[in-house]
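I opened the model and kept notes as I went. The entries below follow the order in which I looked things up.

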Amino acid sequence: MHSGHVVIGVDTHKHIHVAAVLDTIGGILATLTVPTDTGGFNQLLAWADSFGKVLAFDI
């Protein structure tokens with residue numbers, strides 16, 4: 001069980017972004033691939049928020 005605090009790492013590309021949500025000790029909880037458009041950005045934010053308090057985004 002994680003603390004409810006997470007960090008989001010995003011690997012950016014021309015057509016997609018690949019994101020990973022990590023707990024506070026660096027464990028990967030999940031990954032997500034989204035398109036680089038407004039819909040993908042909104043999906044990424046909603047997904048990140050579903051894991052708890054986002055401490056930071058790292059690109």
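Which residues does Val-34 touch, not counting residues up to four places away in sequence? I listed His-15, Ile-16, His-17, Gly-40, Gln-43 and Leu-44. I note here that the model is predicted.

**Entry: Val-34**

I placed Val-34 in strand E3. I then looked up its accessibility: the relative accessible area is 3%, and Val-34 counts as buried because that value is under 20%. I also checked its separation from Val-21, and found the two 13 residues apart in sequence and 14 Å apart in space, C-alpha to C-alpha.

**Entry: the core**

I asked which residues make up the largest nonpolar core. It has eleven: Val-6, Ile-8, Val-10, Ala-19, Val-21, Leu-32, Val-34, Leu-44, Trp-47, Ala-48 and Phe-51. For the elements behind it, I found that strand E1 (5-12), strand E2 (16-23), strand E3 (28-35) and helix H1 (38-49) each supply at least two residues of this core. Both Val-34 and Val-21, the pair I had compared by C-alpha distance, are on the core list.

I followed one core member, Ala-48, outward. Leaving out residues up to four places away in sequence, Ala-48 touches Val-6, Ile-8, Val-54 and Phe-57. Of these contacts, I marked Val-6 and Ile-8 as members of the core too.

**Entry: aromatic rings**

I searched the whole structure for aromatic pairs and got one. Trp-47 and Phe-51 form it, with 5.3 Å between ring centres and 75 degrees between the planes. The pair is edge-to-face because its angle is over 60 degrees. I also looked up the accessibility of Trp-47, which is buried at a relative accessible area of 14%. Both partners of the pair appear in the core list.

**Entry: Pro-35**

I moved on to Pro-35, also in strand E3. Its relative accessibility is 37%, so I recorded Pro-35 as partly exposed. Not counting residues up to four places away in sequence, Pro-35 touches His-15, Ile-16, Gly-40 and Phe-41. I compared Pro-35 with Lys-14 as well: they are 21 residues apart in sequence and 9.0 Å apart in space, C-alpha to C-alpha.

**Entry: Asp-23**

I found Asp-23 in strand E2. Where is the nearest side chain of opposite charge to Asp-23? It belongs to Lys-53, 17 Å away, and I noted that Asp-23 is buried yet has no salt bridge. I then looked for backbone partners of the Asp-23 side chain. One of its polar atoms lies 3.1 Å from the backbone nitrogen of Ile-25, and the side chain reaches the backbone nitrogen of Gly-26 at 3.0 Å.

**Entry: Lys-53**

I took up Lys-53 next and placed it in strand E4 (residues 53-58). Is Lys-53 buried or exposed? It counts as exposed, because its relative accessibility of 53% is over 50%. Its contacts, not counting residues up to four places away in sequence, are Gly-4, His-5 and Val-6. For Lys-53 and Val-6 I noted a separation of 47 residues in sequence and 6.2 Å in space, C-alpha to C-alpha.

**Entry: Asn-42**

I ended in helix H1, at Asn-42. Asn-42 is partly exposed, with a relative accessible area of 43%. I checked its separation from Asp-58: 16 residues in sequence and 17 Å in space, C-alpha to C-alpha.

Definitions and conventions. Residues are numbered from 1 along each chain as its sequence is written. This is a predicted model: local features need pLDDT of at least 70, side-chain atom pairs count only at pLDDT 80 or more; totals for chains, interfaces and linings use all residues. Side-chain values use heavy atoms; hydrogens and water are left out. Rings of Phe, Tyr and Trp (its six-membered ring) pair if their centres lie within 6.5 Å; planes under 30 degrees apart count as stacked, over 60 as edge-to-face and the rest as tilted. Buried means under 20% relative accessible area, exposed over 50%, partly exposed in between (1.4 Å probe, protein chains only). A nonpolar core is a set of buried Ala, Val, Leu, Ile, Met, Phe, Trp, Tyr and Cys residues joined through side-chain atoms within 4.5 Å. Helices (H or I, at least four residues) and strands (E, at least two) are DSSP runs, numbered from the N terminus. Contact means heavy atoms within 4.5 Å. Lys and Arg count as positive and Asp and Glu as negative; His and the chain ends are not counted. A salt bridge is a side-chain nitrogen of Lys or Arg within 4 Å of a carboxyl oxygen of Asp or Glu. A polar contact is a pair of N or O atoms within 3.5 Å; within protein, one must be able to donate a hydrogen and the other to accept it, and residues adjacent in sequence count only if both atoms are side-chain atoms.
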